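User: Please take a close look at one part of this predicted model. I would like to know what makes up the largest nonpolar core.

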Amino acid sequence: PSSDLHNRIREAVGFNDAMVRLAITEISKIRQEIEAGSGGVPLESNCFIISSLKRREEIDTLRALYGQRVLLISIYENAERRIENLSNKIARSRNNSDFDAFKSRAKTLSDIDRKESSSVRGQRLEDVYPTADVFFRSRDNLREDVRRFIQLLFGAPFITPNIDELLMFHAR
């Protein structure tokens, strides 16, 4: 599995943030290519998405390098639904319609993702998740929630805070 490969990369490089360092290198290459194609005009208004940070060191590295320009979004999905969705993905990837046959594997992968205790350089999603700047619940209206958040992020003037946002503002 990819988690084993990622752990081996972290071990070989000697850094728990090795995967995000690779992503930063790729972002830098893309920025240089775009800037070169635009006659050297600096690349300002672009967003790069890094999916699935697995270690606290990864977000720490991003925030140290990019500061407030980093926005970490955490999406919550209850364990039962997460395992069901993952078992469906595994089954589809193997052209198999028996989703239930992969539930055990999905649970194992989910547990590894959350906190991999078998490796010092393993995945620790439970350490990353709570450090997010914004949290969403995975549900039917996730797309609308994300759309609303982006509108708020860019200063949409006619969107008022919901009760959760208002309480979080006061808490902060």
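Analyst: A good place to enter is valine 20, which touches Ile50, Leu53, Glu58, Thr61 and Leu62 once residues up to four places away in sequence are set aside. Val20 belongs to the largest nonpolar core of this predicted model, a group of nine residues that is completed by Ile24, Leu53, Ile59, Leu62, Val70, Leu72, Val128 and Ala132. Two elements, helix 2 (18-37) and helix 3 (56-66), each give two or more residues to this core. Another core, of five residues, lies apart from it and includes Ile83, Ile90, Phe102 and Ala106.

Glu58, one of the residues touched by valine 20, also leads to a charged neighbour, since arginine 10 of helix 1 (residues 2-13) has glutamate 58 among its contacts. Arginine 10 is buried but forms no salt bridge, and glutamate 58, the nearest side chain of opposite charge, is 4.2 Å away, where a salt bridge would require a nitrogen-to-oxygen distance within 4 Å. A polar atom of the arginine 10 side chain does, however, lie 2.9 Å from the backbone oxygen of arginine 121. Beyond residues up to four places away in sequence, the contacts of arginine 10 also include Phe15, Asn16, Ala18, Met19, Lys54, Arg55, Gly122 and Gln123.

Helix 8 (residues 163-171) offers a contrast to these buried groups, because zero of its nine residues are buried and the helix therefore lies largely in the open. At its start, a side-chain oxygen of asparagine 162 comes within 3.0 Å of the backbone nitrogen of aspartate 164.

Notes:
Residues numbered from 1 in each chain as written. Predicted model: local features only at pLDDT ≥ 70, side-chain atom pairs only at ≥ 80, totals over all residues. Heavy atoms only, no water. Core = buried A, V, L, I, M, F, W, Y, C linked by side-chain atoms within 4.5 Å. Buried < 20%, exposed > 50% of the residue type's maximum accessible area, 1.4 Å probe, protein only. Helix = DSSP H or I, 4+ residues; strand = E, 2+ residues; numbered from the N terminus. Contact = heavy atoms within 4.5 Å. Lys, Arg positive; Asp, Glu negative; His and termini not counted. Polar contact = N/O pair within 3.5 Å; in protein donor to acceptor, adjacent residues only side chain to side chain.
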